[in-house]
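Consider the following model with its sequence at hand. The paragraphs below go through a few of its side chains and their surroundings.

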Amino acid sequence: MNPVRKQRLIVVLAVFLGLALATALAVYALRQNINLFFTPQQVVSGEAPVGTKMRVGGLVMEGSVVRDPDTLDVTFDVTDGKGTFTVHYQGILPDLFREGQGIVANGTLVSRERFEAEEVLAKHDETYMPPEVQDALEKAGHPGARKEAAGS
């Protein structure tokens, strides 16, 4: 093989390998940051993978909020009318967090009944509900979905 052609082939292969490596690293990094959304029904039925970071959302069940008076630990149940699980959170909840309101929590699913939240997001005014939560409640036929939708 001609030395010039051999050198060009080596350069082309090196560029190709570099692009392949950069693409593989980018895909790996993006996969780590994907935050999938799951409803309570999907969590309870086993559709949500245990041990994975995700977003979950639904309505906070009335009478389910339990605060530890000595720490910032809070537990509450989230439902969409067909599934219910417990969210554990350590921190200060948003001012608009209330029972019966729609929330979205970011964190890790520990088991089918327990979700460890790193962040809890509450709706920002009286008429807003996160679209994912609204859709999930409507699909589950939860009466809270119609009440919230009527207000918007």
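Does Lys 53 count as buried, partly exposed or exposed, and at what relative accessibility? The model is a predicted one, and in it Lys 53 has a relative accessibility of 46%, so this residue counts as partly exposed. The range for that class runs between the cut-offs of 20% and 50%.

Lys 53 also takes part in a salt bridge. Its partner is Glu 118, and the closest N and O atoms of the two are 3.0 Å apart. Lys 53 belongs to strand β2 (residues 53-60) and Glu 118 to strand β7, so this salt bridge ties together parts that lie 65 residues apart in sequence.

The structure holds two salt bridges. Besides the pair just described, there is one between Glu 116 and Arg 114, where the closest N and O atoms are 2.3 Å apart. Glu 116 is partly exposed, because its relative accessibility is 27%. Arg 114, at 32% relative accessibility, falls into the partly exposed class as well.

Next come the aromatic rings. Two aromatic pairs are found when the whole structure is searched. One of them is formed by Phe 85 and Phe 115, whose ring centres are 6.3 Å apart; their planes stand at 65 degrees, so the pair is edge-to-face. The angle that decides this is the one over 60 degrees. Phe 85 sits in strand β5 (residues 84-90) and Phe 115 in strand β7 (residues 114-122), so the pair links distant parts of the chain, 30 residues apart. Both of these phenylalanines are buried.

Thr 39 is another buried residue, because its relative accessibility is 11%, and the cut-off for that class is under 20%. Where is Thr 39 placed with respect to β1 and α2? The residue lies in the loop between β1 (36-38) and α2 (40-45). With neighbours within four places in sequence left aside, Thr 39 is in contact with Gly 57, Asp 80 and Ala 136. Gly 57 falls within the residue range of strand β2 (residues 53-60), the strand that also holds Lys 53.

The last stop is on the surface. Met 1, Leu 9 and Leu 13 form a nonpolar patch there, and their accessible area together is about 340 Å². Leu 9 has its place in helix α1 (residues 3-33). With a relative accessible area of 40%, Leu 9 is partly exposed.

Definitions and conventions
Residues are numbered from 1 along each chain as its sequence is written. This is a predicted model: local features need pLDDT of at least 70, side-chain atom pairs count only at pLDDT 80 or more; totals for chains, interfaces and linings use all residues. Side-chain values use heavy atoms; hydrogens and water are left out. Helices (H or I, at least four residues) and strands (E, at least two) are DSSP runs, numbered from the N terminus. Buried means under 20% relative accessible area, exposed over 50%, partly exposed in between (1.4 Å probe, protein chains only). Contact means heavy atoms within 4.5 Å. Patches are made of residues with over 30% relative accessible area and no salt bridge: like charges are joined within 9 Å, nonpolar side chains (Val, Leu, Ile, Met, Phe, Trp, Tyr) within 5 Å. Accessible areas come from the Shrake-Rupley method with a 1.4 Å probe; for residues, only the protein chains shown count as cover. A salt bridge is a side-chain nitrogen of Lys or Arg within 4 Å of a carboxyl oxygen of Asp or Glu. Rings of Phe, Tyr and Trp (its six-membered ring) pair if their centres lie within 6.5 Å; planes under 30 degrees apart count as stacked, over 60 as edge-to-face and the rest as tilted.
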